[in-house]
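Dear colleague,

I am handing over the structure below, and after it I set out what was found in it. Please read the notes with the coordinates open beside you.

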Amino acid sequence: MARVDTELRVTELLASLSLATDLGTGQPMGHGLATSLMAVAVAQELGCGPEQIRHVQQVSLIRFLGCNADAGDTARMAGGNEFTLMTALAPTHMGSAVESLRAMVRTAGAGQPLTTRARLVASALADTDADARSLSEHCEVGATMARRLGLDQEVVIALEHSYERWDGGGHPSRLKGDEIPLETRIGIVARDVDLFFRGDRDVTGMLRERQGKAYDPKIVDVVIGLDQPHREAEWNDVLGAEPKPLAYVDDIDQALAVVADYVDIKSAWTRGHSRRVADLAGDAGLALGMSDERCRDLRRAALVHDLGRVGVENGIWDKPEQLATGEREKVRLHPYLTERILSRCPALAGLGDVASSHHERLDGSGYHRQTTREQTTEEARVLAAADVLAALTADRPHRARFDLEEAASMLHAEVAAGRLEAEAVAAVVSAAGGPTTSARAANPGGLTDREVEVLRLLARGGTNRRIGEELFISPKTVGRHVENIYLKIGVSTRAGAALYAMEHRLLG
């Protein structure tokens with residue numbers, strides 16, 4: 001496996017994440033890159049200094065880093081495909097309520113019977129707090145991830161207020177006018193310009209209609225007056241727009257752990273999966289005699305192996321029934337998407353071959369390349385075994401988890417069938433049976449054992465009632481525990497609590 005470059009530019013990492021958030025919001029890859037170029041041009045016209053331009057660029061690249069926080073709920077609202085609803089609502093969100101209502105009626109429950117669609121829309125309209133709750137989760141998760149990436153506080157604060165409006169009607173804090181960070185105000189306008197440009201719509205008319213409502217009036221004037229026309233963005237254009245001196249990632253492993261959590265929070269069924277796979281693969285690599293450097297890069301590849309999952313709708317990942325042929329074909333695409341995202345970033349491209357090989361099998365029956373044993377590396381074979389074991393020992397929508405002995409037996413059956421490698425399976429099973437290198441010594445954040453139990457079930461998507469049934473306590477008692485958990489770990493949403501549980505490896 002090719003080594004990961006020791007230096008990774010912050011802009012490269014965020015540009016890669018923007019490709020993933022494009023997929024995660026149903027937009028074409030490159031949407032975030034184009035948004036960032038527009039945002040930087042506006043900041044320059046406004047006379048911003050180099051550091052503020054850097055902040056504007058970073059915010060516009062990762063403004064939707066929290067978009068996965070409630071993907072499951074959005075998918076249910078949309079009849080299984082959250083991208084249908086998200087792409088329809090995106091151009092209308094900063095417009096009028098009538099625009100958004102029309103888009104919702106047009107797309108909610110697409111493909112479902114008319115009565116089902118009507119019920120979904122009625123339910124959404126009845127829950128007047130749903131939009132605020134959803135966007136608050138997006139903001140909290142995005143800001144938390146930015147903080148963990150080591151980005152400046154100005155970027156974190158801007159992401160905390162990603163959906164504010166100039167007129168004070170936005171979320172999550174109803175900020176108004178200049179109370180809204182400039183980075184946010186610029187990013188909102190730049191994003192919508194790209195949406196309307198790609199949709200071949202009247203960009204100037206849209207800007208004037210929303211000026212002084214959702215948009216800062218002076219930013220609209222600047223955008224309309226820009227000499228350079230809006231255009232598609234090239235990777236090197238975005239890197240070249242970063243002010244000097246260039247910023248570099250201090251801790252690549254921590255940064256890739258953030259990427260892992262961005263992916264895994266998409267579904268309550270997969271939260272913590274990528275970290276678990278990284279632990280198993282890294283420990284197995286050590287047992288097989290790999291060098292520290294090879295084990296390090298294997299762990300890194302494992303952290304980002306499922307990055308392409310964000311490009312497949314939650315209605316497929318969360319489906320309790322057998323997948324249809326078309327759905328299976330979409331699933332088969334996700335390793336390819338992982339490879340494509342990583343390949344754009346020179347510093348991470350070395351991880352792509354292994355990261356995108358976790359569904360390959362020794363007999364050529366895997367995907368997406370259908371490679372055989374001779375065409376795969378030892379790291380890829382270990383990653384494949386680790387991914388299978390981590391999945392089997394976790395609950396999934398179509399089955400309950402298997403214990404380690406049952407899962408090991410199933411992996412050995414795959415060895416006998418010629419699909420997984422015996423040495424890799426033995427090392428991974430051994431790693432699963434002992435303490436991992438990241439074993440937790442004590443509960444974090446002053447949480448009690450009971451609060452950890454509640455948090456674990458909360459992160460898995462449990463309602464207060466369901467958690468109470470699981471733990472034999474009342475929903476009201478669960479509610480008190482949840483309030484205490486929020487207070488202790490410093491979050492205000494369920495998605496924020498789930499992210500905390502993932503970061504601290506509380507999900508088993």
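To begin with the cysteines of this predicted model, the count of disulfides comes to zero, where a pair of cysteine sulfur atoms would have to lie within 2.5 Å to qualify. Cys 345 illustrates this, since the cysteine sulfur nearest to its own belongs to Cys 67 and is 19 Å away. Cys 345 counts as buried because its relative accessibility is 0%, and Cys 48 is likewise buried because its relative accessible area, 13%, falls under 20%.

Turning to the nonpolar interior, the largest nonpolar core has 142 residues, and those with the most contacts inside it are Leu 13, Ile 62, Leu 149, Leu 207, Tyr 215 and Leu 455. Leaving aside residues up to four places away in sequence, Leu 13 touches Leu 8, Leu 149, Val 249, Ala 255, Val 259 and Leu 348. A second core of five residues is separate, and it includes Val 312, Trp 317, Val 331 and Tyr 367.

As for the pockets, the second largest has a volume of about 970 Å³. Its lining comprises 33 residues, of which Val 331, His 359, Tyr 367, Ala 391 and His 398 are the closest to the centre; Val 331 and Tyr 367 also belong to the second nonpolar core. Two or more lining residues come from each of helix H17 (314-317), helix H18 (325-343), helix H20 (378-392) and helix H21 (404-416). By residue class, the lining of this pocket divides into 12 nonpolar, nine polar and 12 charged residues.

With best regards

Technical notes: Residues numbered from 1 in each chain as written. Predicted model: local features only at pLDDT ≥ 70, side-chain atom pairs only at ≥ 80, totals over all residues. Heavy atoms only, no water. Buried < 20%, exposed > 50% of the residue type's maximum accessible area, 1.4 Å probe, protein only. 1 Å grid on protein atoms, 1.4 Å probe; cavity = no way out; pocket = protein on both sides within 12 Å on 5 of 7 lines; lining within 4 Å. Points joined across faces, edges and corners; volume = space filled by probe spheres on them. Helix = DSSP H or I, 4+ residues; strand = E, 2+ residues; numbered from the N terminus. Nonpolar A, V, L, I, M, F, W, Y, C, P; charged D, E, K, R; others polar. Core = buried A, V, L, I, M, F, W, Y, C linked by side-chain atoms within 4.5 Å. Contact = heavy atoms within 4.5 Å.
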